[in-house]
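Reader: Hi! I'm in my first year and still getting used to looking at structures. Could you pick out a single part of this one and take me through it closely?

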Amino acid sequence: QVQLEESGGGLAQPGGSLRLTCVASGTIAGIYVMGWYRQAPGTERELVATINVHSSTNYADSVKGRFTISRDNTMSTVSLQMDSLTPEDTAAYYCYVYSQRIGRDYWGQGTQVTVSS
């Protein structure tokens with residue numbers, strides 16, 4: 001049984017910081033990429049950041065320079081350090097894992113991030 005457990009969401013002030021963490025329970029074979037997506041009410045889900053097995057990273061232009069993605073060396077945990085938060089970062093954030101061996105992706109349930117003064 002595979003579960004992606006997300007934590008770290010909450011309320012932050014503009015200019016503040018939050019750190020999101022996703023832990024995979026159970027075994028997912030052949031993970032190639034892990035990352036984070038987000039979705040605000042009335043919008044489509046969008047990519048925030050990804051990191052692959054070669055430690056190559058990719059960021060949305062809107063978060064580049066403010067957010068940092070990282071993982072452990074077993075590909076079981078992925079984190080997102082979010083600095084210099086703005087109200088536009090308010091959204092539900094979803095952990096994402098893609099398995100090349102199995103040929104499917106996995107999603108967490110989402111954790112809410114709200115940035116407000």
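Author: Sure, let's start with a word we need. Strands are DSSP runs of E with at least two residues, helices are runs of H or I with at least four, and both are numbered from the N terminus. With that in hand, T21 is found in strand β3, so let's make that strand our part, using the definition just given.

A quick note on what you're looking at. This is a predicted model, where local features need pLDDT of at least 70, side-chain atom pairs count only at pLDDT 80 or more, and totals for chains, interfaces and linings use all residues. Residues are numbered from 1 along each chain as its sequence is written, and side-chain values use heavy atoms, with hydrogens and water left out.

Now the setting. The chain has 11 strands and zero helices. Of its 117 residues, 40% count as buried; buried means under 20% relative accessible area, exposed means over 50%, and partly exposed is in between (1.4 Å probe, protein chains only). The C-alpha atoms fill a box of roughly 45 × 25 × 20 Å, taken along the principal axes.

Back to β3. T21 counts as partly exposed, because its relative accessibility is 21%. What does T21 touch, leaving out residues up to four places away in sequence? The answer is E5, E6, S7, W36, T77, V78 and S79, where a contact means heavy atoms within 4.5 Å. Q112 is another story: it sits 91 residues from T21 along the chain, and their C-alpha atoms are separated by 13 Å.

Then comes C22. This cysteine forms a disulfide with C95, the sulfur atoms being 2.1 Å apart; the cut-off for calling a pair of cysteine sulfur atoms a disulfide is within 2.5 Å. The pair links distant parts of the chain: C22 lies in strand β3 (residues 18–25) and C95 in strand β9 (residues 91–99), 73 residues apart. In general, a disulfide is a covalent bond between the sulfur atoms of two cysteines. Searching the whole structure turns up one disulfide. The link of C22 and C95 is left-handed, with -85 degrees about the S-S bond. Are these cysteines buried or exposed? Both C22 and C95 are buried.

Strand β3 also has dealings with M82, a residue of strand β8. M82 is buried, with a relative accessible area of 0%. Not counting residues up to four places away in sequence, M82 touches G16, S17, L18, L20, R66, F67, Y93 and V113. R19 is 63 residues from M82 in sequence, yet the two are 5.9 Å apart in space, C-alpha to C-alpha.

That kind of long-range pairing shows up in the chain's totals too. Among contacts between residues at least 6 apart in sequence, 53% join residues at least 24 apart.

One last stop, just before strand β8: M75 is found in the loop between β7 (67–71) and β8 (77–82). Its phi is near 60 degrees, a positive value in a residue other than glycine. Most residues other than glycine have a negative phi. M75 counts as buried because its relative accessible area is 10%.
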